[in-house]
Amino acid sequence: MKDDVPNLKDFDRRLRDEAHEDLADVIPQEATKKTQIIAIYGKGGIGKSFTLANLSHMMAEQGKRVLLIGCDPKSDTTSLLFGGKACPTIIETSTKKKLAGEEVKIGDVCFKRGGVFAMELGGPEVGRGCGGRGIIHGFELLEKLGFHDWDFDYVLLDFLGDVVCGGFGLPIARDMAQKVILVGSNDLQSLYVANNVCSAVEYFRKLGGNVGVAGLVINKDDGSGEAQAFAEAVDIPVLAAIPQDDDLRKKSANYQIVGTAQSQWGALFAGLAEAVAGAPPVRPAPLDQDGLLDLFDGSDTGAGVTLEPATDADMRGKYAAPKASLEVIYDEV
């Protein structure tokens, strides 16, 4: 159906108006836009939801107006903020309302706690649709709800970094955000994802995009230093290092907010909030595969392994047999 196909042309134009300045090549003294739209990317399970829930809570506690939008089909971004309670998603609510012949209202999908406004875009059931397309549909509905008229100091978008298709790349590909923040740890897979996002930023910069990387948040930092080395290698700052601590693990598992002045971790998240607010978006220098592997001890990444080409006989195994050649051999004259 034609009505089901998202039309994002006007959406793109308005978002480009919000982020038209080429911020990735300048270092501003202060934010040039009232609303900072920030996309956070990271490997699934690396701690984006934990980081964002506490960061947004601390920002609100500091007097900022913050909107947190979960853009992951798992819909886990707001769970910590709401004490583990599931938040009705935009996709799910839109489907139900449409079947009932009703319009979606802001109170159906946006909820607040501790001064933070939050919502989840959601996604289709497994095997029943494309998650990226669900993201596109969700943002189209946000526009209908008045997204461009909302008054926030910060809009934080939580995106799954492992998935690089369609809607998950919207903030970078369509200049929906002014800057990107990466969440990673001292492990190869999370830094591989972070490096991929840096590559996407650089790719769209070459196509005329304006999004830059504000920096890296190191979560579950054990002090081994690989994430710090990665940040230095791709030329982005470390905004905060959240330690690998049992108290943080337990509080996160129990859906407890630590991004508050009443917590022993309050100062850490206050510093992160300040760093996020002031960090200018920069143009990263993504690594190639060998450069990424070089950040780690060779014994952990297979350094020195030589690639041995397979043969046809290897592939055929016990079925291997000489094949008649079609080569024409001429008698010597």
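In helix 8 (residues 226-234), the buried residues are Glu226, Ala227, Phe230, Ala231 and Val234, where buried means under 20% relative accessible area, with exposed over 50% and partly exposed in between (1.4 Å probe, protein chains only). Seen down the axis of helix 8, these buried residues fall within an arc of 140°, so they line one face of the helix; the arc is that of the directions from the helix axis to the C-beta atoms. An α-helix has 3.6 residues a turn, so residues three or four places apart point the same way.

This is a predicted model, in which local features need pLDDT of at least 70 and side-chain atom pairs count only at pLDDT 80 or more, while totals for chains, interfaces and linings use all residues. Residues are numbered from 1 along each chain as its sequence is written, and side-chain values use heavy atoms, with hydrogens and water left out. Helices (H or I, at least four residues) and strands (E, at least two) are DSSP runs, numbered from the N terminus.

The cover over the buried residues of helix 8 includes helix 7 (188-206), strand 7 (212-221), strand 8 (238-243) and helix 11 (289-293), contact meaning heavy atoms within 4.5 Å. Helix 8 is followed by aspartate 235, whose phi is positive, near 65°.

The strands form an open sheet of eight with mixed pairing, in the order 3-4-2-5-1-6-7-8; two strands pair if DSSP finds at least two bridges between them. Strand 3 (111-113) and strand 8 stand at the edges, each with a single partner strand, so one side of each is left without a neighbour in the sheet. From one strand to the next, the twist averages 20°. Two helices that lie across strands of the sheet are listed here, with axes as lines fitted to C-alpha atoms, for helices over the stretch in contact, and angles running from 0 to 180 degrees between N-to-C directions.

| Helix | Lies across | Angle |
|---|---|---|
| Helix 8 | strand 7, strand 8 | about 170° to strand 7 |
| Helix 10 (residues 266-278) | strand 1, strand 5, strand 6 (179-184), strand 7, strand 8 | about 160° to strand 8 |

Seven of the seven residues of strand 5 are buried, so this strand is largely enclosed by the rest of the structure. Tyr154, Leu156, Asp158 and Leu160 point one way from strand 5, whereas Val155, Leu157 and Phe159 point the other way. Strand 5 (residues 154-160) pairs in the parallel sense with strand 1 (residues 36-42) over seven bridges, and also in the parallel sense with strand 2 (residues 66-71) over six bridges. Aspartate 158 in strand 5 stands opposite isoleucine 40 and also opposite glycine 70, while leucine 156 in strand 5 has isoleucine 38 opposite.
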